[in-house]
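Thank you all for making the time this morning. I would like to walk through one chain with you, going from its overall make-up to a few individual residues.

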Amino acid sequence: MAKRKRLSPPRTDFLTDAQKETNPADPVSKAPETKSTFPLGVAQTSSRPAPIAQVAGDAAVTAALAEMTDMVTQARAEGRIVERLPLSAIDLGHLVRDRLKAQSEDLEALKSSLKARGQQVPVEVLDRGAKASPRYGLISGWRRMLALSEIGVDEVLAVVREPKSASDAYVAMVEENEIRSDISFYERARIVVKALEQGVYSDPKSALQSLFANVSRAKRSKIKSFMVLVEALDDVLRFPTSISEKNGLVIAKALQVDPSVANNIREGLSQTKPENAEQEIAALLKACRPAEPKKPVQNKAPRQISLHFDTDAKRIELSGEGIDEAFMSALESWLKKQ
């Protein structure tokens, strides 16, 4: 049987021995010369890349960073990036709100949800620029902002929008509330009136069609009717969101038929000073009812009076059903004037 030959490990001092044999006086002399594979006799003496490769690499990195920056900027502008912003950096009154108040029960439910699960839906804001204070203006999410502030949260998840115009910002706010369908007709009409007052729209028709483009024509017509209430009574109503669709249309019609109804309502509210929504609505409807026509005065039957002259007593005696104290007083006054 052939005897196996044991292989010895490679020598680590081979190159050193070769160097000593080449130049015994220089133990650290260079390794044997090899031919260059680079043109023009330029030998690669370092592991660093050639200058042109380094420049190309830097350019590629710069281009990649620029592309990434553009992608992030575009995504932010399109509202595809959720940011964490301080509540203090957001102006809740940037737009005239379509909501007049938050219902206490709904707000408590929202606060409980935020405490248990955190904020699930971001609010929408617009960037007003670094010089603005606060920097961001709220577009939608007013209830969430209110609830977060009341439970002591300092930051809010937000999407930064870039609306092209003020009307786009109002449309975004209105559409966000329309999805939940818990906003009153009065609040819908009020935002139209306020947008017109601020010059966002030139006329009611364009305002209604822009803000409520996705609702039915009949619904826009009802919102237009409620605008009459807002324009006439917004400064005196305490519970306007409680006005139902039916009652609101009745009041609006009364205001359109007779402009003096507005003064009647104001006087009635001033006198009654309603303490709740029910009392206020009752006062509104009472002022809108047409005055009952006065019943014609029926002519009384002629007085049946008998006159008798007593010659002995030298007096005139009157008798009959028509003689009463008022008649006698009037007759006495007449005789004195004769």
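Before anything else, a word on usage: when I say that two residues are in contact, I mean that they have heavy atoms within 4.5 Å of each other. Please also keep in mind throughout that what you see is a predicted model.

Let me put that usage to work straight away with leucine 211, which, once its neighbours within four places in sequence are left aside, is in contact with Tyr170, Val171, Val174, Ile191, Val192 and Tyr201. Leucine 211 also appears among the residues with the most contacts inside the largest nonpolar core, a list that further includes Val192, Phe212 and Leu229, and that core has 44 residues. The elements that give two or more residues to this core are the helices α5 (166-180), α6 (185-197), α7 (204-211), α8 (217-233), α9 (245-257), α10 (260-272) and α11 (277-288). Apart from this core lies another one, of 18 residues, and among them are Ala89, Leu110, Leu148 and Ala158. As general background, nonpolar side chains in soluble globular proteins tend to be buried together.

Stepping back to the chain as a whole, its secondary structure comes to 12 helices and 7 strands, and of its 338 residues, 30% are buried. If we take the contacts between residues at least 6 apart in sequence, 65% of them join residues at least 24 apart. The accessible surface comes to about 23900 Å², and carbon and sulfur atoms account for 53% of that area.

I would now like to turn to one helix of the core, α8, which has 17 residues and spans 25 Å from its first C-alpha to its last, close to the 24 Å expected at 1.5 Å a residue. Its buried residues are Arg220, Ile223, Phe226, Met227, Val228, Leu229, Val230, Ala232 and Leu233, and the buried residues of α8 pack against α6, α7, α9, α10 and α11.

How many aromatic pairs does a search of the whole structure find? The search finds 1, and in that pair the rings of phenylalanine 185 and phenylalanine 226 have their centres 5.6 Å apart and their planes at 25°, so the pair counts as stacked. Because phenylalanine 185 lies in helix α6 and phenylalanine 226 in helix α8, the pair ties together parts that are 41 residues apart in sequence. Both partners are under the 20% cut-off for a buried residue, with phenylalanine 185 at a relative accessible area of 14% and phenylalanine 226 at 0%.

Staying with the helices, serine 167 lies in α5 and is also buried, with a relative accessible area of 18%. Not counting residues up to four places away in sequence, serine 167 touches Val200 and Tyr201. Methionine 328, by contrast, is found in helix α12 (residues 325-337) and is partly exposed, with a relative accessible area of 39%. The C-alpha atoms of methionine 328 and leucine 318, which are 10 residues apart along the chain, are separated by 9.9 Å.

That brings me to the sheet, which is open, has 5 strands in the order β1-β5-β3-β4-β2, and shows mixed pairing. Since β1 (82-86) and β2 (90-91) stand at the edges with a single partner strand each, one side of each is left without a neighbour in the sheet.

At the β1 edge, 5 bridges join β1 to β5 (residues 155-161), and the two strands run antiparallel. Within this pairing, glutamate 83 stands opposite alanine 158, while proline 86 has glutamate 155 as its bridge partner. The side chains alternate along β1, with Glu83 and Leu85 pointing to one face and buried, whereas Val82, Arg84 and Pro86 point to the other face and are not buried.

At the β2 edge, 2 bridges join β2 to β4, and these strands run parallel, with aspartate 91 opposite glycine 137 of β4. On the pairing of β4 with β3 (residues 123-127), 4 bridges join the two strands, which run antiparallel, and here glutamate 124 stands opposite serine 140. How many of the residues of β4 (136-140) are buried? The strand is mostly covered, with 5 of its 5 residues buried.

I will stop there, and I am glad to take comments.

Key. Residues numbered from 1 in each chain as written. Predicted model: local features only at pLDDT ≥ 70, side-chain atom pairs only at ≥ 80, totals over all residues. Heavy atoms only, no water. Pairing = 2+ DSSP bridges. Buried < 20%, exposed > 50% of the residue type's maximum accessible area, 1.4 Å probe, protein only. Core = buried A, V, L, I, M, F, W, Y, C linked by side-chain atoms within 4.5 Å. Expected span 1.5 Å × (residues − 1). Areas by Shrake-Rupley, 256 points an atom, 1.4 Å probe, with all protein chains shown as cover. Phe/Tyr/Trp six-rings, centres within 6.5 Å; stacked < 30°, edge-to-face > 60°.
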